[in-house]
Every structure is written in C-alpha cells, then in structure tokens.
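Let's take a walk through this structure together, starting with the whole chain and then stopping at a few spots along the way. Have the picture ready and follow along.

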Amino acid sequence: MGTTTETGQSTRTYPGSSPGAGETSTDPEHRNAPARAAGQVTSHAFDRELEERLVRYARIDTQSDEKPTTSPSTQKQFDLLNLLVEELKSIGAAEVKLTDYGAVLATIPPTVKADVPRVALLAHVDTAPAYSGTGVKPIVHRGYDGGDIVLPDGPNVVISPAAFPYLASKRGDDIVTASGTTLLGTDDKAGVAIIMTVVRHLLAHPELQHGTIRIGFTPDEEIGRGVHRNLPADLNADVAYTLDGAELGEVVFETFSADKAEVHVEGVSTHPGQAKDKLVNALHLAAKIIDTLPHVTLTPETTDGRQGFIHLYQMSGTAAAADLHFILRDFEVDALGKHGELLKRVCETLQATERRARITCNITPQYRNMRYWLEKDMRPVELARQACRELGIEPVETPIRGGTDGSRLTEMGVPTPNLFTGMQNIHGPHEWISIQDMRRSVQVCIALARLWSAEPGDARPGVESDGRSAD
Ligand SMILES: [Zn+2]
C-alpha cells in the first residue's frame with residue numbers, strides 16, 4: 001500500500017513533564033507529509049500527542065459487561081480509570097477524584113475572573129461487549145495513501161475506501177486501525193485522548209481564556225449505565241459535551257426517545273396426552289402477538305431517518321409461559337407513546353380471545369430525545385456550531401438513531417450535546433480513525449471553552465428561567 005506502517009510499539013511516555021511539547025512541528029516525519037485539503041489546519045500541533053495517547057489507551061482492555069450489577073461492571077475498567085487519575089494529577093489538573101461508581105472527575109481552574117457557566121467535557125472509558133477488546137494492537141498508518149488497508153492479523157479484514165467512502169477523503173492523514181482480530185476502541189478512547197490533550201494544553205497555556213472546565217471519564221456507557229444517579233451533582237457543571245461522535249463536524253443534539261417493553265404470556269400447562277380442551281400454549285399466543293404486529297413498517301429493518309420502530313430483540317419460553325422483549329424508539333414522545341399503545345392493544349386483543357391465558361405488557365421509559373430540553377436554550381448547540389465554523393468546519397447535525405450518555409444527562413438537568421471525535425466503523429475489526437480529525441476535535445473543544453467564557457454566568461443553561469425578561 002506504500003504508506004509507512006508502524007506497529008505502534010513506541011513506549012515513550014508523553015505528557016505532563018514537558019508541557020507544550022509537540023506544539024511546534026519539529027517532527028521530521030512531518031516535513032514531507034502530503035498537503036492537506038483546503039480548509040484544513042496545516043499545523044501539526046497535537047497530532048503526535050493524540051496518536052501516542054490513543055495507542056496507549058487502546059491497548060488497555062476496558063470491555064464492559066451487562067451481566068454484573070457492579071459499577072463499573074468490570075474491574076479491568078479501573079486499569080484505565082486509575083491511569084487517568086495519575087495522568088491528570090501529573091499534568092496539574094485540580095480536584096482529581098475517582099468516585100465509588102468508577103467515574104474520574106477533575107477540574108481545570110478558570111483563567112477569567114468573571115462568573116461564567118461551568119463547562120464539562122465527557123468521554124467513556126469502556127469498549128463495547130459486542131467485539132473483543134483483549135490484546136488490541138493499534139497500528140498507525142502515517143500519511144495514508146488512499147488505498148486498501150489490509151490488517152496483518154486478519155488478512156480478510158480489508159478497510160477499503162470503496163466500502164467506506166469517508167476513508168477516501170482522508171488521503172494524507174495519519175490513520176489508526178487495530179490489527180484484524182479485535183476492535184480498536186476509539187469508541188470512546190478517541191474521546192478520552194482528545195479530552196486529555198485539551199486538559200494538558202489548557203493547563204500549559206494559562207493565557208487562553210476559559211471558565212471552570214470540568215472533566216469526566218465514565219464507565220459502562222456501552223451497556224447503558226454510563227450516567228450514575230450521582231453524576232450530575234458530582235460533575236457540577238452548567239453544560240456538558242460528550243466527545244463520543246463520529247465524522248468531522250458532527251454536533252448531535254437529537255437522539256431517540258426510548259422505552260422498553262416486556263410482554264409475559266402465561267398459558268395453561270398440562271400433560272399433552274390429556275390436554276384436550278385444557279392446554280393453552282403460551283408459545284402459540286406469543287407467536288400470534290409477533291404475527292399481529294407490523295412487519296413491513298415500524299421495524300428497524302424497514303425504517304430510517306426520523307421514523308421510529310417496535311423491535312422484538314429477544315424471546316424465550318415454553319408451552320407454559322413465554323417472554324417477549326421489545327425496545328420502542330421514536331424521536332417524538334407522542335409517536336413513541338403510540339408505539340406502546342399499539343403493542344398493548346395487540347396484547348389486549350389476544351387476551352380477549354383467550355380468557356384462560358394471562359398476558360401482561362409492561363412499558364418502562366429508558367431515555368428521551370435531548371432536543372426537548374436543548375430547544376429551550378440552544379446556546380450549547382449554537383456555541384458548538386460557532387466553534388466548528390471558526391475552524392472552517394461545517395457542522396453536521398444528523399439526529400442519531402440511538403441514545404448517548406448525554407440523553408440521560410440532559411434529562412437530568414445538564415444539557416449535553418455530543419461532538420465528533422472522528423471514530424469510524426466502531427465495535428468491530430474494521431474500526432479506524434484519522435488523527436487529524438481528532439486534532440480538529442481538540443481545537444473545537446478549546447474554542448468552545450473560550451466561547452463559553454464570554455457568556456454571562458447569571459443565565460446558565462439547564463436552569464429553568466426564573467421569569468426575568470431581557471425584553
Ligand atoms: Zn461511545
């Protein structure tokens with residue numbers, strides 16, 4: 001493929017000791033780097049630091065697991081959490097703390113005197129249970145030549161710009177991949193590396209304007225347990241951003257609203273030899289429920305864009321009793337409620353045809369579209385857009401067909417849009433990221449910190465208006 005391929009075996013330790021290092025482009029490996037596309041920043045500040053941090057964090061196995069009820073769900077997440085505590089202390093962050101539920105918190109003290117909103121930057125340390133995160137061997141492909149990337153440990157794993165068009169736009173960038181048998185873990189170690197670089201840079205440059213910046217590294221996002229009930233109070237921020245998004249420019253402030261539904265069917269069990277007019281087969285009733293629900297609409301496989309769905313994702317049972325597990329999704333809570341009503345009506349209708357059975361349907365809320373709160377005060381989104389545009393990046397504002405830690409945090413009173421990191425093809429062996437996308441993310445965060453330092457502290461996002469009017 002003609003690019004310089006490194007195995008990422010570097011053991012040099014970055015940080016702390018030499019604040020500001022890497023901000024001048026003295027690295028000889030960069031003198032011949034291909035020209036960047038128009039509009040891209042040509043300075044190489046941050047690139048080597050981001051690469052070193054991402055490679056080092058990605059090697060640490062931090063896979064979460066939904067079975068244990070502990071927080072964090074897996075002890076190995078402490079391997080990275082504890083490392084981050086030490087690194088934050090060594091680069092001079094204040095109030096560095098590891099909570100009993102496994103979140104690392106820290107503060108960058110303000111450089112402005114005015115009372116301005118407190119801004120948090122968040123990333124999660126765990127990787128997805130869906131694919132192996134053990135023995136990750138990150139590979140750095142410097143100055144990507146635009147061709148196929150073949151991974152050494154999984155020769156059938158080819159990351160091709162034909163299959164992944166976004167990669168085609170990254171010619172000349174430094175691309176990081178795994179080696180073919182594991183995920184890479186940019187979701188969300190890219191976010192962790194970006195935030196750590198922001199922290200190190202801001203602490204090394206007290207001349208840069210910002211208010212109090214809070215840092216949060218959380219466990220267990222991938223199993224939906226990233227936002228502990230104490231997190232909003234412990235974080236103590238007026239506004240937050242998760243660094244957990246994908247392509248360059250992504251500013252996400254719309255997520256699904258989500259409920260889950262559990263349908264239980266209790267039949268009447270008898271010996272099949274003497275079952276005439278007695279047996280009520282729960283499996284047959286469960287099958288009828290499934291069959292009565294829409295198949296060619298309202299399923300994940302037949303919807304996209306802003307359409308919602310009812311998704312049966314697990315079923316189990318015997319002739320005596322059966323359980324059906326659904327997730328319900330829509331961007332609008334009214335429509336979400338209608339999906340739930342439809343499922344309930346199907347259950348009730350079937351119940352009416354077979355009085356001897358007992359059919360129950362329990363619907364519980366999971367998370368809500370963050371737009372409902374953000375649209376009351378769009379400054380968190382507007383300043384993110386402004387930070388992107390200052391850097392020549394056009395914001396990409398696609399609603400995401402899923403949830404984020406920010407969905408829960410926003411609902412709990414801390415408005416939390418999600419920002420890009422550059423991560424691509426996450427949760428599998430084809431995962432990759434551009435170091436230069438990560439750099440742009442660092443720059444957006446630094447710009448955001450400055451923009452918030454010009455906002456009045458007495459009109460904090462996330463706090464209900466007390467009726468004062470500026471009109
Ligand atoms: Zn993530």
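**A guided walk through the chain**

Here's a good place to begin: among contacts in the chain with a separation of 6 or more, 80% are between residues 24 or more positions apart. Keep in mind that this is a predicted model. The chain has 471 residues, and 55% of them count as buried. Its secondary structure comes to eleven helices and 17 strands. As for the outside, the chain exposes about 20,200 Å², with carbon and sulfur atoms supplying 52% of that.

Now head for the metal. Which residues hold the zinc ion? It is coordinated by His124 through NE2, by Asp187 through an OD atom and by Asp244 through two OD entries, at 1.8 to 2.6 Å. Along the chain, these donors follow the spacing H-x62-D-x56-D. Asp187 and Asp244 link distant parts of the chain: Asp187 sits in helix H4 (residues 186-204) and Asp244 in strand E10 (residues 239-245), 57 residues apart. Both Asp187 and Asp244 are buried. The angles among the four donor atoms run from 53 to 144°, and the site is irregular.

Stay with helix H4 for a moment. H4 has 19 residues and spans 25 Å from its first C-alpha to its last, close to the 27 Å expected at 1.5 Å a residue. It's mostly covered, too, with 17 of its 19 residues buried. There's a quirk here as well: the peptide bond joining Asp187 and Asp188 is cis, with omega about 20°, and Asp188 is also found in H4.

Next, look just ahead of strand E10. Asp238 is placed in the loop between helix H5 (231-235) and E10. Is Asp238 buried or exposed? Its relative accessibility is 12%, so it counts as buried, since the cut-off for buried is under 20%. Its side chain reaches the backbone nitrogen of Arg118 at 2.7 Å. Beyond its neighbours within four places in sequence, Asp238 is in contact with several residues, including Pro117, Val414 and Arg460.

Strand E10 also leads us to Leu419, which lies in strand E16 (residues 418-420). Leu419 is buried because its relative accessible area is just 2%. Leaving out residues up to four places away in sequence, Leu419 touches Asp244, and among its other partners are Tyr241, Thr242, Leu243 and Ala384. Leu419 and Ala246 are 173 residues apart in sequence, yet their C-alpha atoms are 7.8 Å apart in space.

Another stop is Val136, in the loop between strand E4 (119-124) and strand E5 (139-142). Val136 has a relative accessible area of 5%, so it is buried. Setting aside neighbours within four places in sequence, its contacts are Ala58, Arg59, Thr182, Leu183 and Leu184. Gly180 is 44 residues from Val136 along the chain, with 9.2 Å between their C-alpha atoms.

Last, a few backbone oddities. A cis peptide bond runs from Ser71 to Pro72, with omega near 0°, and Pro72 is placed in the loop between helix H1 (47-58) and helix H2 (77-90). Phe46 isn't a glycine, but has a positive phi of about 80°. You'll find Phe46 in the loop between strand E1 (4-6) and H1, where it is buried at a relative accessible area of 6%. His427, in the loop between E16 and strand E17 (432-434), has a positive phi as well, near 70°. With a relative accessible area of 28%, His427 is partly exposed.

Definitions and conventions. Residues are numbered from 1 along each chain as its sequence is written. Side-chain values use heavy atoms; hydrogens and water are left out. Donors are N, O and S atoms within 2.8 Å of the metal (3.2 Å for Na, K and Ca); water is not among the atoms, so sites may look incomplete. Four donors count as tetrahedral if all angles lie between 85 and 135 degrees; four count as square planar and six as octahedral if opposite donors are over 155 degrees apart and all others between 65 and 115; anything else is irregular. Helices (H or I, at least four residues) and strands (E, at least two) are DSSP runs, numbered from the N terminus. Buried means under 20% relative accessible area, exposed over 50%, partly exposed in between (1.4 Å probe, protein chains only). A polar contact is a pair of N or O atoms within 3.5 Å; within protein, one must be able to donate a hydrogen and the other to accept it, and residues adjacent in sequence count only if both atoms are side-chain atoms. Contact means heavy atoms within 4.5 Å. Accessible areas come from the Shrake-Rupley method with a 1.4 Å probe; for residues, only the protein chains shown count as cover. The expected span of a helix is 1.5 Å times one less than its number of residues.
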